[in-house]
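Hi,

Here is the structure I promised to pass on to you. Have a look at it first, and then read on for what turned up.

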Amino acid sequence: MAQSAQSSTETDWVSRFADEVIAEAERRAPGKAVVVASGLSPSGPIHLGNLREVMTPHLVADEIRRRGIEVRHVLSWDDYDRYRKVPKGIPGVTEESHAQHIGRPLTSVPAPEGSPYPNWAEHFKAAMVEALAELGVEYDPISQTEQYTSGAYREQVLFAMKHRKDIDAVLAQYRTKPKAAKKSQKPVDEAELEAAEGSGAASEDDGSAEGAEYYPYKPYCGACNKDFTQVTAYDDETTELTYVCTEDEFTETVKLSEFNRGKLVWKVDWPMRWAYEGVIFEPSGVDHSSPGSSFQVGGQIAPLFNGVQPIGPMYAFVGISGMAKMSSSKGGVPTPSDALKIMEPQLLRWLYARRKPNQSFKIAFDQEIQRLYDEWDKLEAKVADGSVLPADAAAHARAVRVASHELPRTPRPLPYRTLASVVDITAGHDEQTLRILADLDPTQPLTSLDEVRPRLDRAENWITTQVPADQRTLVREEPDTELLASLDADARRSLELLLEGLDSHWSLDGLTTLVYGVPKVMAGLDPEAKPTPELKVAQREFFALLYRLLVTRETGPRLPTLLLAVGADRVRKLVTA
């Protein structure tokens, strides 16, 4: 396993983890493919916090792959987990329709009404699979339903049952009596609670039952297919296992050496898989990194299976800036699919690549997305002219390409805020949109909207799904005659200067010069004069007047963009006193 020389300028967190993982893999399993892992539970919409569970090992695996080293990113779908509760806000799902399935494997629960997928797990996996493909994430999917029901883990299950006392002794060190609930010092954020339940690691069950012998295995009932079961007897020699279901009092005796309808409890299941797959690197959420949590305890159970706890960071929560109805209708927390409707894959990858896993960050669904895109475009310009800092260059490189290929990009990436303003004003009318965008730069006129796609489509989706109706831009149909009649001589003259300069300044840059220059001329200054505090006040007043005449409010899209969108003839009609 050869490691290529690394530049001393590569100081980003991904490179540092890749160095550690390669060294650890050489120590543990020289000559074998490096294995990194993620785990997701399709118990409901898989949100942007869960995406960090995948993106962190993906970025590390991709860096290892770039160095010419064989690497395998295992993504375990925890679809054999129990259905724990009926999530709110899922179309086609109610307590009446789905509460009866609580306790069954996710792959045995019906999909929401109207879904084309065969079960609950496949329904919620589908959107994530599509998003990961768009993000360029390469992985080996493993269905835990398939693993358990095919008997792939049979030896591990029998081993765990035989060594249940050893496992129980480890777990007993961390068991505590439940404390009386204290009054919360702050209101509980339901979205954060959902985020904390992100992966299969959410269930902290260790299989213990007060006053009963410990068994690390939980059968699904042969009558109701639920896990309200308790093992009452087990014979190590014959592997005969007897369980009783508290749901329907069903009792069954089976030979565990032939029985595939059940699974190890989570705190045993996870470390078993580390050993089974030979995982070198796997991150864990903050909810699994406290003393006694599944990741910490797993580190002591893994050696029982001849495994070693993976190295890997604790990752922080991912917050959301501005959630609109689109998100709340899906249960409260936006998904990667939601984000990819309003931003290109490169931007979403960059948000995860530029922050260390232990740093929290927010993904913008509100106006902040425009600033993020501005920041991204500035980074692209710095990369192009060679002025970019090394760590920023590394994050950019990880955003725009994976080891095998570059992600598709917008041929002419016009500013996101400009595109959003234009589709806001035109209500997505293609001909009008092309007319306006073609006027932005007369020296390089746009000839087809395909040149600005997919960014244009993302901006249009953002306007239509995330911007409230009362914040949308509606251009006046008729002039505000009352406002025009009330203007004093100076205000009238400023509008005349604007109209006189329209034709000669009809481009984005030209109109920018014009609208900022009119108040300068009115103040007796050169149009190129530097602004003074007094001049800035005059400019704001002039801009507010134009907005009121054009769109009824005192704010709106950037004025040069708005003027281009409205068109010269209509501007003349609306501002002529």
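In which helix is the place of E130? E130 sits in helix 4, which covers residues 120-134. Please keep in mind that this is a predicted model. With a relative accessible area of 59%, E130 is exposed. From E130 to S41 the C-alpha distance is 16 Å, with their positions 89 residues apart in sequence.

Now the overall picture. The protein has 577 residues, and 50% of them are buried. Its secondary structure consists of 24 helices and 12 strands, and the C-alpha trace spans about 100 × 60 × 45 Å along the principal axes. Among contacts with a separation of 6 or more, 72% join residues that are 24 or more positions apart. The exposed surface comes to about 26,600 Å², with carbon and sulfur atoms supplying 50% of that area. As for charges, there are 66 positive and 86 negative ones, and the mean positions of the two sets lie 3 Å apart.

You may enjoy the aromatic residues. The structure contains 20 aromatic pairs. One of them is W13 with F17: the ring centres are 6.0 Å apart and the planes meet at 80°, so this pair is edge-to-face. Both residues belong to helix 1 (residues 13-28), and because they are four residues apart, about one helical turn separates them. W13 and F17 are both buried.

Another pair is Y153 with Y276, whose ring centres are 5.0 Å apart with planes at 90°, so it is edge-to-face as well. Y153 is in the loop between helix 5 (144-149) and helix 6 (154-162), while Y276 is in helix 9 (residues 266-277), so their pairing ties together parts that are 123 residues apart in sequence. Is Y153 buried or exposed? Y153 is buried, at 1% relative accessible area, whereas Y276 is partly exposed at 35%. Cut-offs explain those words: buried means under 20%, and exposed means over 50%. Both tyrosines also belong to a cluster, in which ring pairs link Y80, Y148, Y153, Y220 and Y276.

Next, helix 13 (residues 345-353). Nine of its nine residues are buried, so the rest of the structure largely encloses this helix. Among those buried residues are P345, R349 and W350. W350 has a charged partner too: R354 lies over the face of its ring, 4.2 Å from the ring centre.

Finally, two helices further along the chain. In helix 17 (residues 430-440), the buried residues are T433, I436, L437, A438 and L440. Their cover includes helix 16 (416-426), helix 18 (455-466), helix 21 (508-522) and helix 23 (559-566).

Helix 23 is also the place of L563, a residue that counts as buried at 0% relative accessibility. Which residues is L563 in contact with, leaving aside neighbours within four places in sequence? They are L498, W506, L511, V515, L550 and V571. The C-alpha atoms of L563 and T512 are 9.9 Å from each other, and these two residues are 51 residues apart along the chain.

Happy to go through any of this with you.

Best wishes

How values were computed:
Residues numbered from 1 in each chain as written. Predicted model: local features only at pLDDT ≥ 70, side-chain atom pairs only at ≥ 80, totals over all residues. Heavy atoms only, no water. Phe/Tyr/Trp six-rings, centres within 6.5 Å; stacked < 30°, edge-to-face > 60°. Helix = DSSP H or I, 4+ residues; strand = E, 2+ residues; numbered from the N terminus. Buried < 20%, exposed > 50% of the residue type's maximum accessible area, 1.4 Å probe, protein only. Lys NZ or Arg CZ within 6 Å of the ring centre and 35° of its normal. Contact = heavy atoms within 4.5 Å. Areas by Shrake-Rupley, 256 points an atom, 1.4 Å probe, with all protein chains shown as cover. Lys, Arg positive; Asp, Glu negative; His and termini not counted. Charge placed at Lys NZ, Arg CZ, Asp CG, Glu CD.
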